[in-house]
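Open the model in your viewer and get ready to click along. We will go stop by stop, selecting a few residues at a time.

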Amino acid sequence: MKGVIRWVAFIFMILFALAGMVQWNDPDAILWMGIYAIPCAACLFYFLGRFNTLLGLFLGIVYSIGGIIVWPDIYEGIILEEGNLENIERGREALGLFIIASIMFILTLHTWVTKRSKV
């Protein structure tokens, strides 16, 4: 199972890097590039076997809180149709933060379980 999770981390490292790169045309591009760069680095550390469980837990909590804060008052999906552009953008951003948090929690849990089973 460790090998599978390791490759999942590698795939998400690439996805987070790509997500950061497509932020370049946003008004707050630097902020969002940083938001995606941090979990990209965390996934790289996991892939290399250098992942810190406390840091992973901290990142999962921070990104979860960020997703809650960014969540729009009215969720109108992620596809631009006839909805409010700001609500759709905030919904996309929040879902991105929740995806990051989920991956951080998965990597943290797997690292913790793996370390506990070696004891």
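On this tour, two residues are in contact when they have heavy atoms within 4.5 Å of each other. Keep in mind, too, that you are looking at a predicted model.

**Stop 1: the whole chain**

Begin with a cartoon view. You should find four helices and zero strands, and from the N terminus on the elements run α-α-α-α. Turn the model around: its C-alpha atoms fill a box of roughly 55 × 25 × 20 Å along the principal axes. Of the 119 residues, 38% count as buried.

How much of the contact network joins residues at least 24 apart in sequence? Among contacts between residues at least 6 apart, the share is 66%.

**Stop 2: S64 and its partners**

Select S64, which lies in helix α3. Is S64 buried or exposed? Its relative accessible area is 18%, and the cut-off for buried is under 20%, so S64 counts as buried. Now show F98, A101 and F105: leaving aside neighbours within four places in sequence, these are the residues that S64 is in contact with.

**Stop 3: T53, where helix α3 begins**

Stay in helix α3, which covers residues 53-70, and select T53. With a relative accessible area of 17%, T53 is buried as well. Which residues does T53 touch, not counting those up to four places away in sequence? Add T108, T111, W112 and K115 to your selection to see them.

**Stop 4: L109, an exposed residue**

Next, go to L109 in helix α4. Its relative accessible area is 53%; exposed means over 50%, so L109 counts as exposed. Now pick L57 too and draw a distance between the two C-alpha atoms. L109 and L57 are 52 residues apart along the chain, while their C-alpha atoms are separated by 8.5 Å.

**Stop 5: A17 and D28**

Move to A17 in helix α1. At 30% relative accessibility, A17 counts as partly exposed. Draw another distance, this time to D28: the two residues are 11 apart along the chain, and their C-alpha atoms are separated by 17 Å.

**Stop 6: aromatic rings**

Show the side chains of the aromatic residues. The structure holds nine aromatic pairs. One of them is W32 with Y36, a tilted pair with 6.3 Å from centre to centre and 40° between the planes. Both residues lie in helix α2, four residues apart, which is about one turn of the helix. W32 and Y36 are both buried.

Now select W71 and F98. Their ring centres are 6.2 Å apart and their planes meet at 45°, so this pair is tilted. Where in the chain do W71 and F98 sit? W71 is in the loop between α3 and α4, F98 is in helix α4, and the pair links distant parts of the chain, 27 residues apart. W71 is partly exposed, with a relative accessible area of 31%, and F98 is partly exposed too, at 28%. You have met F98 before, as one of the contacts of S64.

Finally, select F12, F16, W32 and Y36 together. Ring pairs link these residues into a cluster.

**Stop 7: a charge over two rings**

Select R6, then add W7 and F47. The charged end of R6 sits over the ring of W7, 5.7 Å from its centre. The charged end of R6 also sits over the ring of F47, where the distance to the ring centre is 4.0 Å.

**Stop 8: the largest pocket**

Switch on a surface for the last stop. Rolling a probe the size of a water molecule over the atoms shows where empty space is left. About 210 Å³ of space lies in the largest pocket. Of the 13 residues that line the largest pocket, select Q23, Y36, R92, E93 and G96, the closest to its centre. Y36 is also part of the ring cluster from Stop 6.

Which helices each supply at least two residues of this lining? They are α1 (2-21), α2 (29-47) and α4 (85-118). Helix α4 gives the most, with six residues. To finish, colour the lining by residue type: it divides into seven nonpolar, two polar and four charged residues.

Technical notes
Residues numbered from 1 in each chain as written. Predicted model: local features only at pLDDT ≥ 70, side-chain atom pairs only at ≥ 80, totals over all residues. Heavy atoms only, no water. 1 Å grid on protein atoms, 1.4 Å probe; cavity = no way out; pocket = protein on both sides within 12 Å on 5 of 7 lines; lining within 4 Å. Points joined across faces, edges and corners; volume = space filled by probe spheres on them. Nonpolar A, V, L, I, M, F, W, Y, C, P; charged D, E, K, R; others polar. Buried < 20%, exposed > 50% of the residue type's maximum accessible area, 1.4 Å probe, protein only. Phe/Tyr/Trp six-rings, centres within 6.5 Å; stacked < 30°, edge-to-face > 60°. Lys NZ or Arg CZ within 6 Å of the ring centre and 35° of its normal.
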